[in-house]
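Here are a few notes to read alongside the structure. Keep the viewer open and take the points in order.

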Amino acid sequence: MSDDASAVPGGDNDKSGDNVHYLAGLDLHGRKVVVVGGGSVAQRRLPNLVAAGARVEVVAVDPTPAVESFPGVVVHKRAYVDGDLDGAWYAMACTDDPGVNAAVVAEAERRHTFCVRADEARWGSAVTPASGRHRDVQFGVLASGDHRLSAALRAAIHGSSASCS
């Protein structure tokens, strides 16, 4: 048996099976968050990042008009380059190019920065839960990558929370 953590199921580098995630709330207020890609996935992530007070920077060759004009977001209209995550606490790889997303994740790993990979979640170091809010309560659902189940459970929780007045 190897002493290498990557040989242990669920070890540091094991990406073979379902990852078990630790659900946590991140304090991103005043902290740099880099979103690489400027399409519909990035567009959906921006409101919650900005609402959390993050200093959001988007790096995208061709961002959507909504991303480009989103209040409180700095947009760099260019391709991602290694070094774009310098100083970032959190990153999101949201391009339609698997090679770019892999490069973003690799840089994040080197920098010990948590990173969501939108196209292949299992290769990132973080995932985005289906989330909701009722008054001052926030909640998130992770269902081992089953996005439809996550969304259905979020809807059920949101519906149930409406009766908690």
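1. A term first: a polar contact is a pair of N or O atoms within 3.5 Å; within protein, one must be able to donate a hydrogen and the other to accept it, and residues adjacent in sequence count only if both atoms are side-chain atoms. With that in hand, look at Asp-97, which caps the N-terminal end of H3: one of its side-chain oxygens sits 2.8 Å from the backbone nitrogen of Gly-99.

2. Some ground rules. This is a predicted model, so local features need pLDDT of at least 70 and side-chain atom pairs count only at pLDDT 80 or more, while totals for chains, interfaces and linings use all residues. Numbering starts from 1 along each chain as its sequence is written, and side-chain values use heavy atoms, with hydrogens and water left out.

3. The overall layout: the protein has four helices and seven strands. Helices (H or I, at least four residues) and strands (E, at least two) are DSSP runs, numbered from the N terminus. Read from the N terminus on, the order is β-α-β-α-β-β-α-β-β-β-α. Of the 165 residues, 31% count as buried, where buried means under 20% relative accessible area, exposed over 50%, and partly exposed in between (1.4 Å probe, protein chains only).

4. Back to H3, residues 98–111. The expected span of a helix is 1.5 Å times one less than its number of residues; for the 14 residues of H3 that gives 20 Å, and the end C-alpha atoms are indeed 20 Å apart. Which residues of H3 are buried? They are Asn-101, Val-104, Val-105, Glu-107 and Ala-108. These cover an arc of only 160° around the axis, which puts them on the same side of H3; the arc is that of the directions from the helix axis to the C-beta atoms. They pack against strands S1 (32–36), S4 (90–93) and S5 (114–117), with contact meaning heavy atoms within 4.5 Å.

5. Just after H3 comes His-112, with a positive phi near 60°. Thr-113 lies in the loop between H3 and S5. Is Thr-113 buried or exposed? At 5% relative accessibility, Thr-113 counts as buried. A polar atom of its side chain lies 3.2 Å from the backbone oxygen of Ala-88. Leaving aside residues up to four places away in sequence, Thr-113 touches Ala-88, Trp-89, Tyr-90, Ala-91, Ala-108 and Ser-125.

6. Now the nonpolar cores, each a set of buried Ala, Val, Leu, Ile, Met, Phe, Trp, Tyr and Cys residues joined through side-chain atoms within 4.5 Å. The largest has 17 residues, and Val-35, Leu-46, Leu-49, Val-56, Val-58, Tyr-90 and Met-92 touch the most other members. The elements giving two or more residues to this core are S1, helix H1 (40–51), strand S2 (55–60) and S4. Apart from it lies another core, of 12 residues, including Val-34, Val-36, Val-59 and Tyr-80.

7. Strand S6 (residues 130–134) is worth a look from both faces. Ala-130, Gly-132 and His-134 point to one face and are buried, while Ser-131 and Arg-133 point to the other and are not. S6 pairs with strand S7 (residues 137–141) in the antiparallel sense over five bridges; two strands pair if DSSP finds at least two bridges between them. The bridge partner of Arg-133 in S7 is Gln-138. Two residues separate the strands of this hairpin, where Arg-135 takes a positive phi near 55°.
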